[in-house]
Amino acid sequence: MTIIGIDKMSFFSPHQYIDMVELANARGEEPNKYLIGIGQTEQAVIPSTQDVVTMAANAADEMLTASDRKKITMILFATESGIDNSKSGAVYLQRLLGINPYARTIELKQACYAGTFALMQARDYVTLHPDEKVLVVASDIARYGLQTSGEVTQGGGAVAMLVAANPMIAEINQDSQFLSRDIMDFWRPVYADTARVDGKYSSNVYQDFFKKVWTRYKSKTGRDIADFKALAFHLPFTKMGLKALRDVLPEATDEQQVVLMDEFEASRVYNKRIGNLYTGSLYLSLYSLLDNSQSLKAGDRIGMFSYGSGAEGEFYSLTLRPHFSAGLVTGQIDTLLANRQYVTIADYEKIFNNQLKGAADREFDFKGDPAKFVLHGLKNERRQYICN
Ligand code: CAA
């Protein structure tokens with residue numbers, strides 16, 4: 001049988017960041033609450049010249065060859081920070097990236113879960129059409145508001161994944177277990193540009209969903225923790241994944257517990273410095289694991305826990321392919337992080353309040369933004385995207 005899975009992955013986040021010790025000091029909190037209690041050290045700052053479309057385009061552009069662009073027949077754009085209530089971000093992406101005009105384009109939403117759904121749809125589609133490729137992007141901006149308890153868990157960025165037959169990175173196994181329940185732990189009404197959240201409740205539901213889908217996974221597949229080399233989690237903040245991992249660690253031998261903890265540390269290196277990117281967070285964590293683990297090898301099974309408030313949870317597994325590192329853009333995130341510019345808390349607050357809002361024409365000065373794709377502004381209620 002043909003193997004279907006993630007062929008390539010690429011990541012983008014804007015060129016500015018704040019330091020979590022400085023944010024803690026500015027908010028009158030003990031720095032270790034942010035560094036250890038929340039598990040974040042830096043946070044991406046999203047300038048007015050970037051939105052979910054430009055971030056997705058910047059991520060995908062770095063991994064796509066001319067041949068990929070011709071072979072892609074579907075673009076699945078997962079986001080909960082959409083820029084339009086009607087038109088999908090995927091259509092903009094098709095034009096910006098020069099993708100085959102005879103491709104389907106669609107946007108998907110279910111909080112931080114939509115990227116996982118998109119990936120499963122892509123796998124099923126390519127299973128039926130193994131000569132075609134599907135582009136999945138998970139692009140989001142986490143916004144809770146200045147001086148809110150969620151502020152330390154903001155961030156933003158995009159992960160792009162190419163799903164294809166005989167993939168370089170990993171096979172997406174047909175073993176998903178999922179669960180949905182109508183609850184109000186986190187949501188964003190259409191009139192709001194910041195999330196509404198019941199923080200403690202959302203964390204409790206996350207852990208509850210993880211335990212439920214994990215238990216169901218074990219009973220449905222007959223596998224147990226010994227079958228996994230690593231577990232990767234949706235990381236709204238990196239301590240959240242640690243809490244979930246600790247819930248199942250006692251099921252492992254002492255020796256395997258050490259391995260799972262080491263792999264978890266590898267899986268949160270990048271998320272600690274980017275922050276939450278909602279539906280992309282699990283996939284940034286996967287990228288971080290693949291890039292930073294010292295011991296992963298072909299054939300290893302990685303457990304993936306996806307959680308989207310509202311709420312939906314899914315647990316599934318990936319099996320690593322022989323040359324999985326070759327599917328990542330070499331040195332991409334190290335370079336991105338090394339080139340980021342530090343901004344003060346005062347400047348971040350100004351940037352936070354300078355996002356595109358309302359219907360009035362606006363132009364942004366995009367000279368300071370080194371990204372290839374930028375948002376130039378709004379003209380006649382149409383977003384103006386520029387290829388820098
Ligand atoms: N040193 C070390 N640790 C410290 C500390 C110190 N000096 N001071 C406090 N801490 C620890 C606390 O003990 C606590 O740890 P535990 O959770 O292990 O008990 C941790 O720091 C956080 O402290 P608080 O609970 O007091 O923090 P808070 O009330 O200010 O809010 C939060 C934390 C609820 C996560 C808040 O940031 C928030 O609402 N974030 C947004 C919601 C969110 O991310 N929810 C996650 C699940 S929902 C989801 O996953 C979807 C999504 O992407 C949003």
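## Salt bridges and contacts between the two domains

Across the interface of domain 1 and domain 2 in this predicted model, the rule finds three salt bridges. In one salt bridge of the model, the side chains of D193 and R143 meet with an N to O distance of 3.4 Å. This pair links distant parts of the chain, since R143 sits in the loop between β6 and β7 while D193 sits in the loop between β10 (186-187) and β11 (196-197), 50 residues apart. The two partners are not equally accessible: R143 is buried because its relative accessible area is 14%, below the 20% cut-off, whereas D193, with a relative accessible area of 30%, is partly exposed.

Beyond the salt bridges, the count between domain 1 and domain 2 comes to 32 residue pairs in polar contact, both residues of each pair being at pLDDT 80 or more. On the side of domain 1 that touches domain 2, at least two residues each are supplied by β1 (4-12), α2 (31-38), β3 (42-45), α6 (114-128), β6 (133-142), β7 (155-165) and α12 (332-339). Of these elements, α6 gives the largest share, eight residues. By residue class, the side of domain 1 that touches domain 2 divides into 29 nonpolar, 24 polar and nine charged residues.

## Domain layout and the extent of the interface

The domain assignment places residues 4-169 together with 328-387 in domain 1, and residues 172-325 in domain 2. Domain 1 is therefore assigned as two segments of the chain, 4-169 and 328-387. The C-alpha centres of the two domains lie 20 Å apart.

In terms of contacts, 62 residues of domain 1 meet 50 residues of domain 2. The area buried between domain 1 and domain 2 is about 4,600 Å², and carbon and sulfur atoms give 56% of that area.

## A salt-bridge network around K229 and D300

For the model, the rule gives a count of 24 salt bridges, and among the residues involved, K229, E263, K297 and D300 are linked in a network. Within this group, the side chains of E263 and K229 meet in a salt bridge with an N to O distance of 3.8 Å. Here too the pair links distant parts of the chain, with E263 in helix α9 (residues 254-267) and K229 in the loop between α7 (199-221) and β12 (230-233), 34 residues apart. Both E263 and K229 are buried. Side chains of opposite charge can pair when their charged atoms come close.

D300 belongs to the loop between α11 (281-292) and β13 (301-308). Because its relative accessibility is 7%, under the 20% cut-off, D300 counts as buried. A polar atom of the D300 side chain lies 2.7 Å from the backbone nitrogen of K297, a residue that also takes part in the network of salt bridges. When neighbours within four places in sequence are left aside, D300 is in contact with K229, S295, L318, T319 and L320.

## A salt bridge within helix α13

K350 forms a salt bridge with D347, the closest N and O atoms being 3.6 Å apart. In this case both residues lie in helix α13 (residues 345-352), three residues apart, which is about one turn of the helix. As for accessibility, K350 is exposed because its relative accessible area of 57% is over the 50% cut-off, while D347, at 34%, is partly exposed.

## Backbone geometry in the loops

A cis peptide bond joins G310 and A311, with omega about 10 degrees. A311 is found in the loop between β13 and β14 (312-320).

Positive phi values occur at two asparagines, N166 and N380. For N166, which is not a glycine, phi is about 50 degrees, and this residue is found in the loop between β7 and β8 (170-172). For N380, likewise a residue other than glycine, phi is near 50 degrees, and the residue is found in the loop between β17 (373-379) and β18 (382-387). N380 is exposed, because its relative accessible area of 52% is over the 50% cut-off.

How values were computed: Residues numbered from 1 in each chain as written. Predicted model: local features only at pLDDT ≥ 70, side-chain atom pairs only at ≥ 80, totals over all residues. Heavy atoms only, no water. Contact = heavy atoms within 4.5 Å. Buried area = accessible area lost by both parts, 1.4 Å probe. Salt bridge = Lys/Arg side-chain N within 4 Å of Asp/Glu carboxyl O. Polar contact = N/O pair within 3.5 Å; in protein donor to acceptor, adjacent residues only side chain to side chain. Helix = DSSP H or I, 4+ residues; strand = E, 2+ residues; numbered from the N terminus. Nonpolar A, V, L, I, M, F, W, Y, C, P; charged D, E, K, R; others polar. Buried < 20%, exposed > 50% of the residue type's maximum accessible area, 1.4 Å probe, protein only.
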